[in-house]
Amino acid sequence: MPGMATQRAPRQAPRQDAPNPQNGAKAQQKTGFRNRLYDLPRAAGIVGMAVLLGISLFMGNFRALAGATPTAFIRQGDVASILEDRMDAAGNVLTVAGRADVDTALLDSARSAITDLQEAESAREISRADQRLTSAVSALVAEASDALEGEDQTMLTRAADDFAEQGSFLRQEARTYNEQAEKAEELYESLPTKFVLPEPDVYEGI
């Protein structure tokens, strides 16, 4: 109708979609993944530095201990020749004692001890093998002495004395070696990585 104002329908507010929880979770996952990727090189660098520090500490301790450790006992002074003479004397005891009616087990024990001493390498191994040989030879001489006479008795005594003399020489070398090894032992006890380092070698039983 002319003259009348045209009525307009009320304007509706623009529609807003409700937030989708799944979209938010996905966004958080992407952000968390990116953060983990960002942290990965940093974490790897920290681990790498820790490993390098551990290796450096170990190598430093190893070099310090190696520098304080004396030359192997078998290569000290006259040790090698003393051991050879001592085993020869023990063999002579065996030869003479074999002429007497002694227990075969005693002969076998002495032979076995000689073999152990031949195969020993470290000061600790040599000391233990020599202690076994000393016990075996002493038992053999004690039993054979009652059964031998004359020249055989003299030869047995001479061999036993030679064996004892070489043993005295060996102990002298061992004392000198242990004096040197004592410094390595003191250093070893103070090292933080001693649980992965070889314990210093010493001669036992003196």
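## A predicted helical model, from confidence to core

Let's start with how far this predicted model can be trusted: the mean pLDDT of the chain is 78, and 61% of its residues reach 70 or more. Over residues 1–6 the pLDDT falls below 50, and beyond near neighbours in sequence this stretch has zero contacts in the model. Among the elements, confidence is lowest in helix H1, residues 21–68, with a mean of 55, and highest in helix H2, residues 79–97, with 96. Where pLDDT is low, the predicted coordinates should not be read in detail.

Here are the helices that come up below, with their residue ranges.

| Helix | Residues |
|---|---|
| H2 | 79–97 |
| H3 | 104–119 |
| H4 | 123–145 |
| H5 | 150–190 |

**Helix H3**

H3 makes a nice geometry check. Its 16 residues, at 1.5 Å a residue, should span 22 Å, and the end C-alpha atoms are 23 Å apart, which agrees. At the start of H3, a side-chain oxygen of Asp103 comes to within 3.0 Å of the backbone nitrogen of Ala105.

Which residues of H3 are buried? They are Leu106, Leu107, Ala110, Ala113, Ile114 and Leu117. Seen down the axis of H3, these buried residues fall within an arc of 125°, so they line one face of the helix. The general pattern helps here: an α-helix has 3.6 residues a turn, so residues three or four places apart point the same way. The buried residues of H3 pack against H2 and H4.

**The nonpolar core**

The largest nonpolar core has 40 residues, and those with the most contacts inside it are Phe73, Leu133 and Leu140. H2, H3, H4 and H5 each supply at least two residues of this core. Its largest share, 10 residues, comes from H2.

Leu140 is worth a click in your viewer. Not counting residues up to four places away in sequence, Leu140 touches Val93, Leu94, Ala97, Val102, Leu106, Leu107 and Ala110. Of these partners, Leu106, Leu107 and Ala110 are among the buried residues of H3.

**Ala159 in H5**

Is Ala159, a residue of H5, buried or exposed? At 8% relative accessibility, Ala159 counts as buried, because the cut-off for buried is under 20%. Leaving aside neighbours within four places in sequence, Ala159 is in contact with Ala89, Asn92 and Val93. Val93 is also one of the residues that Leu140 touches. Ala159 and Val96 are 63 residues apart in sequence, yet their C-alpha atoms are 8.7 Å apart in space.

Conventions. Residues are numbered from 1 along each chain as its sequence is written. This is a predicted model: local features need pLDDT of at least 70, side-chain atom pairs count only at pLDDT 80 or more; totals for chains, interfaces and linings use all residues. Side-chain values use heavy atoms; hydrogens and water are left out. pLDDT is the predictor's confidence in each residue, from 0 to 100. Helices (H or I, at least four residues) and strands (E, at least two) are DSSP runs, numbered from the N terminus. Contact means heavy atoms within 4.5 Å. The expected span of a helix is 1.5 Å times one less than its number of residues. Buried means under 20% relative accessible area, exposed over 50%, partly exposed in between (1.4 Å probe, protein chains only). The arc is that of the directions from the helix axis to the C-beta atoms. A polar contact is a pair of N or O atoms within 3.5 Å; within protein, one must be able to donate a hydrogen and the other to accept it, and residues adjacent in sequence count only if both atoms are side-chain atoms. A nonpolar core is a set of buried Ala, Val, Leu, Ile, Met, Phe, Trp, Tyr and Cys residues joined through side-chain atoms within 4.5 Å.
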